[in-house]
Amino acid sequence: MMEQSKKQKKNDPRDAAMEILLDMDRTGRMSSGALQDGLRKLQFTEKENRAFITRLVEGTTEYRLQIDAVIDHYAKKKTDKQKPPVRVILRMSVYQMLYMDGVPDRAVLSEAGRLMRAHHLENMTGVVNGILRSVQRGIEDGTVDSVRNASLSLKYSTPEWICDRLIRAYGEDSAERILAAGFSERPLTIRVNRAKTAKEELKERLIKEGLSVEEGLLAPDALRITGVDFVRKLPGFREGLFFVQDESSQYAMSTLGEVSGKKIISLCAAPGGKSTMLAERGAVVTARDLTEEKTELIRENAERLGLNLAVEAHDASEAVPEDKEAYDIVIADVPCSGLGVMGRKNDIKYHITPEGVDELVQLSGRILEAAAKAVRPGGILLFSTCTLLPEENGLQAGRFLGKHPEFIKSEEKQLLQGIDPCDGFYYCRMVKE
């Protein structure tokens, strides 16, 4: 009987979620990697349990700033001063009370007490219970709503400096639409692999599997899928019939026009979406990235798709002498703050700082300088990011063009999530005279 009890505890989804959140608290890891490793380690195979754990981990992480403000309103000791297990239990519990309507408050309070005892924190159980009961009353009397809507930053659980920069760049209305988009349900977007199948064939196959599939709005080979639990289990994944790639990225590549036979190099290329898309269209592609781990990921994806391209490990900020004016098209998809994909990477907003943005601007500037040396006369340099900040995008392109009169801007576009039907993305296409 005792063995059965231990087994049940081991397989309790709240215990699993707590272990994952503690790992993130301790190491500073992103939720995507921690969640993937945690589910594999804990061997949760039931779809219902996996869904509960995923929602609890991602939701607690996504709303962390707002949740902490609510806890701090009622607790004598601020959240960041609490012991990690206490902090995680409070955050998980408040998230469930605020955003998981299917979970009764009594279950939240009971499970919080159990988790406290399981982590030998009996002396703090009364304190945690008191905070949660205060939150419960605050939800009922509207106090909690006042706390979490006190500012744009708290309403959308996004650091204030990011909100300020978005307002400065796009105005308050657009900034709020961008932030709100991070919390909306968004489909999985794939690019159909023309080399192996037709879009209509793949669409029909996915629909037969009970998935909701719609045509893309920006890119001709895009399909939007809802109801996806695990990408690798989708029909056609192992056969290489598609690649997961947002429409913003597909759209930017499609602006290059006919690429068959052209010599192209893609820098900072992992996981290989842009490189494989161009190889699929007949280009002679070289894909480079910094580490062997990243280049191996590109190779794996190219092999799955049945496409041939050269893959090399190289620091994109350093020019290669033999590359001088060697390519028809050079793609510099530079490292950035990633604020255009906040809805897909729900904790990226907590990992970037103003100082980090400054460092990224310096790095991307060096990459652009190195990339420019590889463009042949009459060739194209395509500069792109998946972020929204002007200093990383338009201002960066402007600085580069000011130093390089031999390059002429032929097209520039900033896509914004919540306003455009895709992730946030920027590109600037420049032609070398």
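# Salt bridges, cores and a hairpin

Author: Welcome! In this predicted model, a network of salt bridges links D23, R26, R29, D37 and R40.

Reader: How many salt bridges does the structure hold?
Author: Side chains of opposite charge can pair when their charged atoms come close. The network you just met joins D23, R26, R29, D37 and R40. Counted over the structure, the number of salt bridges is 34.

Reader: In which helix do E204 and K208 both lie?
Author: The side chains of these two residues, E204 and K208, meet in a salt bridge at 3.6 Å, N to O. They are 4 residues apart, about one turn of the helix. The element that holds both E204 and K208 spans residues 199–208 and is helix 13.

Reader: Is K208 buried or exposed?
Author: Let's take its partner first: E204 has a relative accessible area of 46%, which makes it partly exposed. To count as exposed, a residue needs a relative accessible area over 50%. K208 has 66% relative accessibility, so K208 is exposed.

Reader: How many residues apart are E296 and R299?
Author: A salt bridge joins the side chains of E296 and R299, with 3.6 Å from N to O. E296 is partly exposed at 37% relative accessible area, and R299 is partly exposed at 32%. Both lie in helix 16, residues 292–305, about one turn of the helix from each other, and the spacing is 3 residues.

Reader: Which strands do R429 and E411 lie in?
Author: The side chains of R429 and E411 form a salt bridge of 3.0 Å, N to O. This pair links distant parts of the chain, with the two positions 18 residues apart in numbering: R429 is in strand 11 and E411 is in strand 10.

Reader: Is R429 buried or exposed?
Author: Its partner E411 is partly exposed, with a relative accessible area of 25%. Buried means under 20%. R429 has 13% relative accessibility, so R429 is buried.

Reader: Which helix gives the largest share of the largest nonpolar core?
Author: That core has 46 residues, and those with the most contacts inside it are I53, V57, M92, V94 and L132. Several helices give two or more residues to this core, including helix 2, helix 4 and helix 8. The largest share is 9 residues, and it comes from helix 6.

Reader: Which residues is V94 in contact with, leaving aside its neighbours within four places in sequence?
Author: V94 is among the residues with the most contacts inside the largest nonpolar core, and so is L132 listed there. With the sequence neighbours left aside, the contacts of V94 are I67, V70, I71, L132 and V135.

Reader: How many residues are in the second, separate core?
Author: Among the members of this second core are M253, A279, C422 and F425. The core is separate, and its size is 27 residues.

Reader: What is the bridge partner of V213 in strand 3?
Author: Strand 2, residues 212–215, pairs with strand 3, residues 222–226, in the antiparallel sense over 4 bridges. The two strands form a hairpin with 6 residues between them. Within strand 3, the partner of V213 is I225.

Reader: Which residues does I162 touch, not counting those up to four places away in sequence?
Author: I162 sits in helix 11, residues 160–170. Its relative accessible area is 0%, so I162 is buried. Not counting those sequence neighbours, I162 touches L339, K349 and I352.

Technical notes. Residues numbered from 1 in each chain as written. Predicted model: local features only at pLDDT ≥ 70, side-chain atom pairs only at ≥ 80, totals over all residues. Heavy atoms only, no water. Salt bridge = Lys/Arg side-chain N within 4 Å of Asp/Glu carboxyl O. Buried < 20%, exposed > 50% of the residue type's maximum accessible area, 1.4 Å probe, protein only. Core = buried A, V, L, I, M, F, W, Y, C linked by side-chain atoms within 4.5 Å. Contact = heavy atoms within 4.5 Å. Pairing = 2+ DSSP bridges.
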